[in-house]
Amino acid sequence: MAAIAYLILQQQIIASQGPDSVLKKAVKGDWKGKLSAILYVVAISVAFWWQWVSLTLYVLVALLWLIPDRRIENILRNAET
């Protein structure tokens with residue numbers, strides 16, 4: 001639910017800032033966020049039959065986010081200069 005809530009919050013911030021949003025520029029190809037939400041939905045769905053697959057997907061999402069996502073920082077740093 002946290003991943004889905006994050007995606008909703010992100011979209012609401014972009015909508016409130018308009019089409020030239022700095023956040024929109026930073027997350028235009030947010031594959032990690034979308035992939036995380038999809039993997040969570042799949043993990044919840046298969047948990048009733050294959051618990052080990054579900055746990056594997058949860059661990060995969062956690063490992064995916066071990067690599068920091070610096071897009072927002074880079075866009076903000078470039079906007080300041």
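**Exercise 1. Contacts of a helix residue**

Which residues does Ser54 touch, not counting residues up to four places away in sequence? Place Ser54 in its helix and state its burial.

*Solution.*
Step 1. The model is predicted, so read contacts as computed from it.
Step 2. Find the element. Ser54 sits in helix α4, residues 51–64.
Step 3. List the partners. With residues up to four places away in sequence left out, Ser54 touches Ala43, Val46 and Ala47.
Step 4. Check burial. The relative accessibility of Ser54 is 4%. Buried means under 20%, so Ser54 counts as buried.
Step 5. Add a backbone distance. Ser54 and Val42 are 12 residues apart along the chain, and their C-alpha atoms are separated by 7.7 Å.

**Exercise 2. Overall architecture**

Describe the fold in terms of its elements, burial and contacts.

*Solution.*
Step 1. Count the elements. The protein has 5 helices and 0 strands.
Step 2. Write the order. Along the sequence the pattern is α-α-α-α-α.
Step 3. Take the burial. The protein has 81 residues, and 25% of them count as buried.
Step 4. Take the surface. About 6,100 Å² is exposed, and carbon and sulfur atoms supply 71% of that area.
Step 5. Take the contacts. Consider those between residues at least 6 apart in sequence: 56% of them join residues at least 24 apart.

**Exercise 3. Confidence**

Which helix has the lowest mean pLDDT, and which the highest?

*Solution.*
Step 1. Start with the whole chain. The mean pLDDT is 81, and 89% of the residues reach 70 or more.
Step 2. Go to the elements. Helix α5, residues 71–80, has the lowest mean, 69. Helix α4 has the highest, 91.
Step 3. Apply the rule. Where pLDDT is low, predicted coordinates should not be read in detail.

**Exercise 4. Aromatic pairs**

How many aromatic pairs does a search of the whole structure find? Give the geometry of each pair and the exposure of its residues.

*Solution.*
Step 1. Count. The search finds 2 aromatic pairs.
Step 2. Take Tyr40 and Tyr58. Their ring centres are 6.0 Å apart and the planes make an angle of 40°, a tilted pair.
Step 3. Locate this pair. Tyr40 is in helix α3 (residues 31–46) and Tyr58 is in helix α4. They are 18 residues apart, and the pair links distant parts of the chain.
Step 4. Check their exposure. Tyr40 has a relative accessible area of 29% and is partly exposed. Tyr58, at 31%, is also partly exposed.
Step 5. Take Phe48 and Trp49. Their centres are 6.1 Å apart, with 75° between the planes. Planes over 60 degrees apart count as edge-to-face, so this pair is edge-to-face.
Step 6. Check their exposure. Phe48 is exposed at 66% relative accessible area. Trp49 is exposed too, at 61%.

**Exercise 5. A nonpolar surface patch**

Which residues form a nonpolar patch on the surface, and what accessible area do they have together?

*Solution.*
Step 1. Name the members. They are Met1, Ile4, Ile8 and Val41.
Step 2. Give the area. Together they have about 410 Å² of accessible area.
Step 3. Examine one member. Ile8 lies in helix α1, residues 2–17. Its relative accessible area is 49%, and Ile8 is partly exposed.

**Exercise 6. Two residues compared**

Leu23 and Ala62: buried or partly exposed? Add a C-alpha distance for each.

*Solution.*
Step 1. Place Leu23. This residue lies in helix α2, residues 22–26.
Step 2. Classify Leu23. The cut-off for buried is under 20%. Leu23 has 16%, so Leu23 is buried.
Step 3. Give its distance. Leu23 and Gln11 are 12 residues apart in sequence, and 9.3 Å separates their C-alpha atoms.
Step 4. Place and classify Ala62. Ala62 lies in helix α4. With 47% relative accessibility, Ala62 counts as partly exposed.
Step 5. Give its distance. Ala62 and Ser36 are 26 residues apart along the chain, with C-alpha atoms separated by 8.9 Å.

Conventions:
Residues numbered from 1 in each chain as written. Predicted model: local features only at pLDDT ≥ 70, side-chain atom pairs only at ≥ 80, totals over all residues. Heavy atoms only, no water. Patch = residues over 30% accessible without salt bridge, like charges linked within 9 Å, V, L, I, M, F, W, Y side chains within 5 Å. Areas by Shrake-Rupley, 256 points an atom, 1.4 Å probe, with all protein chains shown as cover. Salt bridge = Lys/Arg side-chain N within 4 Å of Asp/Glu carboxyl O. Helix = DSSP H or I, 4+ residues; strand = E, 2+ residues; numbered from the N terminus. Buried < 20%, exposed > 50% of the residue type's maximum accessible area, 1.4 Å probe, protein only. Contact = heavy atoms within 4.5 Å. pLDDT = per-residue confidence, 0-100. Phe/Tyr/Trp six-rings, centres within 6.5 Å; stacked < 30°, edge-to-face > 60°.
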